[in-house]
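Subject: Structure handover

Hi there,

Here is the structure I promised to pass on to you. Please have a look at it first, and then read on for what turned up.

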Amino acid sequence: CAALAACRQPVPVDTSQARFIPVPVAVDHLKELLPTAEVVGSTVPVKVLFEAKEVQEWKVDAAAIEFRVASRAPFRIAFPEITSTRVDKILGGFQVRLFTDAQPDPKKHHFGFNFHDEAPACRAIELIDALRVKR
């Protein structure tokens with residue numbers, strides 16, 4: 001593929017049951033799941049990508065997802081800021097994409113988490129949607 005965006009294939013994920021996942025369960029499962037992502041990244045304020053081994057700390061609570069890498073301010077995304085979520089099949093795996101109004105280009109995600117397999121990517125979307133649902 002000439003460009004990664006051209007290689008993306010949306011993966012349909014039914015998150016209609018996400019609102020029934022209790023907040024503590026969603027938080028606990030995300031704490032276990034997100035550190036298994038092979039690559040994490042942010043596009044705000046500039047695009048950066050990190051391999052899993054570069055992430056020094058993960059923080060997940062009912063309010064937000066945060067990860068830290070050396071010599072950088074923490075990367076944080078609050079669940080209420082997430083305007084949409086999706087999973088795309090990409091070369092080499094699956095990418096969880098979180099969109100916010102902080103990223104002015106609607107085609108670009110704010111946060112991304114790459115997984116080798118489809119199941120953890122889809123589960124991550126379901127858990128994130130459970131935490132961004134207005135209760």
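Let me start with a question: is Asp61 buried, partly exposed or exposed? The model is a predicted one, and in it Asp61 has a relative accessible area of 27%. Buried would mean under 20% and exposed over 50%, so Asp61 counts as partly exposed.

Asp61 sits in the loop between S4 and S5. Its side chain has a polar atom 2.8 Å from the backbone nitrogen of Ala63, and a polar atom of the Asp61 side chain also lies 2.9 Å from the backbone nitrogen of Ala64. If you set aside the neighbours within four places in sequence, Asp61 is in contact with Val27 and Phe79. Ala78 is 17 residues away from Asp61 in sequence, and their C-alpha atoms are 9.5 Å apart.

The strands on either side of that loop belong to an open sheet of three strands, ordered S4-S5-S6 and paired antiparallel. Strand S4 (55–60) and strand S6 (75–78) are the edge strands, each pairing on one side only. From one strand to the next, the twist averages 10°. Five bridges hold the antiparallel pairing of S4 with strand S5 (residues 64–69), and Glu57 stands opposite Arg68 in S5.

There is also an open sheet of six strands, again with antiparallel pairing, in the order S1-S7-S8-S9-S2-S3. Strand S1 (9–11) and strand S3 (48–51) are at its edges with a single partner strand each, so one side of each has no neighbour in the sheet. Here the twist averages 25° from one strand to the next. Within this sheet, strand S8 (residues 93–100) and strand S9 (residues 111–115) run antiparallel and are joined by five bridges; Phe94 stands opposite Phe115 in S9. Helix H3 packs on the sheet and touches S1, S7, S8 and S9, with its direction at about 175° to that of S7.

Thr85 is a good residue to inspect at this packing, as a member of strand S7 (residues 82–90). Its relative accessibility is 17%, and because buried means under 20%, Thr85 counts as buried. The side chain of Thr85 makes a polar contact of 2.9 Å with the side chain of Asp129. Not counting residues up to four places away in sequence, Thr85 touches Arg97, Leu98, Ile125, Ile128, Asp129 and Arg132.

Finally, the helix pair. Two packed helices are described by the angle between their axes and the distance between those axes. For helix H2 (residues 23–33) and helix H3 (residues 118–132), the axes come within 9 Å and cross at roughly 145°, and the crossing is left-handed. On the H2 side, the contact is made by Val23, Ala26, Val27, His29, Leu30 and Leu33. H3 contributes Pro120, Arg123, Ala124, Leu127, Ile128, Ala130 and Leu131. Sorted by type, the residues of this contact are eleven nonpolar, one polar and one charged. Two names here have come up before: Val27 of H2 is in contact with Asp61, and Ile128 of H3 is touched by Thr85.

Happy browsing, and best wishes!

Definitions and conventions. Residues numbered from 1 in each chain as written. Predicted model: local features only at pLDDT ≥ 70, side-chain atom pairs only at ≥ 80, totals over all residues. Heavy atoms only, no water. Axes fitted to C-alpha atoms, helices over the stretch in contact; angles between N-to-C directions. Helix = DSSP H or I, 4+ residues; strand = E, 2+ residues; numbered from the N terminus. Left-handed = near helix turned anticlockwise from the far one by under 90°. Contact = heavy atoms within 4.5 Å. Nonpolar A, V, L, I, M, F, W, Y, C, P; charged D, E, K, R; others polar. Buried < 20%, exposed > 50% of the residue type's maximum accessible area, 1.4 Å probe, protein only. Polar contact = N/O pair within 3.5 Å; in protein donor to acceptor, adjacent residues only side chain to side chain. Pairing = 2+ DSSP bridges.
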